[in-house]
Amino acid sequence: QEAGGPGATAQEWRRPWGHPNLQGTWSGDDVRGIPLQRPEELGTRAEQTDEEFAERQRGNDQQVARLREGGTAFLAERGVRSFRQTSLVVDPPNGRTPPLTAEGQKRTDETQARRRSRPSSWEDRSLYDRCLTRGPIGSILPVIYGNGLEIHQTPNDVVIRYEMIHETRIVPIDDPRPRLGESIKMYMGDARGHFEGETLVVETQNLIGKTAIGNNGNGPPLTPSARLVERFTRVADDRIDYSVTVTDPGTYTAPFTIAFPITPQPEYVVLPYECHEGNRALANILSAARAGDCAIAGARAEG
């Protein structure tokens, strides 16, 4: 059945100190099949037709059947619920990210050129390849596997632990202290949170200027002046509605919003992600590139 049915009342989703209860293990697996950007031919149609949705449900029903036969959510990584969204981008109405600025396009082209070329150093590979980070939004966007996240709460903080590349964000709630100075930049930025009714609002700035909005944190690199506003709203026992509005005038010509539900999965456990900078993959990539350089130099020397 379609996800998002009625659950408990909002008053029942409370921590002992009164904050809305977001705590638990969640996942983006249920929306893995929804593209970030809407196919252009769909225009402003935000939801699937009944026929399209029935086809999506059939695929998920087959997945549920396999899970019941002894599979696991980790092996399946397709989710067990269906949603009608035609794209994860919900604003602008065409479901597509706004055009890049001239400077944003230039930085994107330069970054992609480095990724396609034989790397001259580790800095030519992505932050994801280097096992450093996927950034705050790349860490929650659904990908091929590892979409789990844990949310923990105290009266003063919300802690979000992402499965892939073992990121943990500590979000102070109603922190009266000044934000970090402009000179301090971080991969996950400086996040501050507050509650607006039933919604946790997290505002992040002071990004390092190398992370991006896209699968595994790849895509047009954001500038250090980018601002992210995330919202987490508990709407059912098995659903949190998540959204993020991205504002970065140095990269995109207008703000845009991504939104999708995060949900629990059967028997899902956030597993250790044993990835670190300087791991074998990166060493192999660089050693192979240097071997290629030597082979080319040798061939040239021989005429």
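**Close-up views of a predicted model**

**View 1. A salt bridge links Glu182 and Lys185.** In this predicted model, the side chains of Glu182 and Lys185 come together in a salt bridge with an N to O distance of 3.4 Å, a value that lies within the 4 Å cut-off for such a contact. The two partners do not fall into one exposure class, because Glu182 has a relative accessibility of 58% and counts as exposed, whereas Lys185, with a relative accessible area of 28%, is partly exposed. Side chains of opposite charge can pair when their charged atoms come close.

**View 2. Leu180, Ile184 and Met186 make a nonpolar surface patch.** The patch formed by Leu180, Ile184 and Met186 covers about 210 Å². Of these residues, Met186 is found in the loop that runs between strand 5 (168-172) and strand 6 (190-196). Met186 counts as partly exposed because its relative accessibility is 31%, and this value also satisfies the requirement of over 30% relative accessible area for patch residues.

**View 3. Salt bridges at Arg45 and in helix 1.** The whole structure contains 20 salt bridges according to the search, and among them is the contact between the side chains of Glu52 and Arg45, with 2.9 Å from N to O. Both ends of this contact are partly exposed, since Glu52 has a relative accessibility of 31% and Arg45 one of 29%. A further salt bridge joins Arg58 to Glu55, where the closest N and O atoms are 2.6 Å apart. Arg58 and Glu55 both belong to helix 1 (residues 50-68), in which they are separated by three residues, or about one turn of the helix. Here too the partners are partly exposed, with relative accessible areas of 45% for Arg58 and 48% for Glu55.

**View 4. Gln62 of helix 1 and Val80.** Gln62 also has its place in helix 1, and with a relative accessible area of 49% it is classed as partly exposed. Although Gln62 and Val80 are 18 residues apart along the chain, their C-alpha atoms are separated by 9.1 Å.

**View 5. Asp30, Arg81 and Asp238 share a network of salt bridges.** Rather than forming an isolated pair, Asp30, Arg81 and Asp238 are linked with one another in a network. The search that covers the whole structure gives a total of 20 salt bridges.

**View 6. Four strands form an open antiparallel sheet.** The strands of this sheet follow the order 1-3-4-5, and their pairing is antiparallel. Strand 1 (24-27) and strand 5 stand at the edges with a single partner strand each, so that one side of each has no neighbour in the sheet. Averaged over the sheet and with direction ignored, neighbouring strands are turned by 20° against each other. Strand 1 pairs with strand 3 in the antiparallel sense over four bridges, and within this pairing Gly24 has Ile151 of strand 3 as its bridge partner. In a regular strand the side chains alternate between the two faces of the sheet.

**View 7. Strand 3 and strand 4 form a hairpin.** Three residues lie between strand 3 and strand 4 in this hairpin. The two strands, comprising residues 148-153 and residues 157-162 respectively, pair in the antiparallel sense over five bridges. One bridge can be followed from Gln153 to its partner Val158, which belongs to strand 4. Strand 3 is mostly covered, as five of its six residues are buried.

**View 8. Tyr242 and Phe260 form an aromatic pair.** The search of the whole structure finds four aromatic pairs. The pair of Tyr242 and Phe260 has a distance of 5.4 Å centre to centre and an angle of 55° between the planes, and it is described as tilted because this angle falls between the limits of 30 degrees for stacked and 60 for edge-to-face pairs. Tyr242 belongs to strand 9 (residues 239-247) and Phe260 to strand 10 (residues 256-262), so the pair ties together parts that are 18 residues apart in sequence. Tyr242 and Phe260 are both buried. With Phe232 included, ring pairs link Phe232, Tyr242 and Phe260 into a cluster.

Note on methods
Residues are numbered from 1 along each chain as its sequence is written. This is a predicted model: local features need pLDDT of at least 70, side-chain atom pairs count only at pLDDT 80 or more; totals for chains, interfaces and linings use all residues. Side-chain values use heavy atoms; hydrogens and water are left out. Patches are made of residues with over 30% relative accessible area and no salt bridge: like charges are joined within 9 Å, nonpolar side chains (Val, Leu, Ile, Met, Phe, Trp, Tyr) within 5 Å. Accessible areas come from the Shrake-Rupley method with a 1.4 Å probe; for residues, only the protein chains shown count as cover. Buried means under 20% relative accessible area, exposed over 50%, partly exposed in between (1.4 Å probe, protein chains only). Two strands pair if DSSP finds at least two bridges between them. Axes are lines fitted to C-alpha atoms, for helices over the stretch in contact, and angles run from 0 to 180 degrees between N-to-C directions. Rings of Phe, Tyr and Trp (its six-membered ring) pair if their centres lie within 6.5 Å; planes under 30 degrees apart count as stacked, over 60 as edge-to-face and the rest as tilted.
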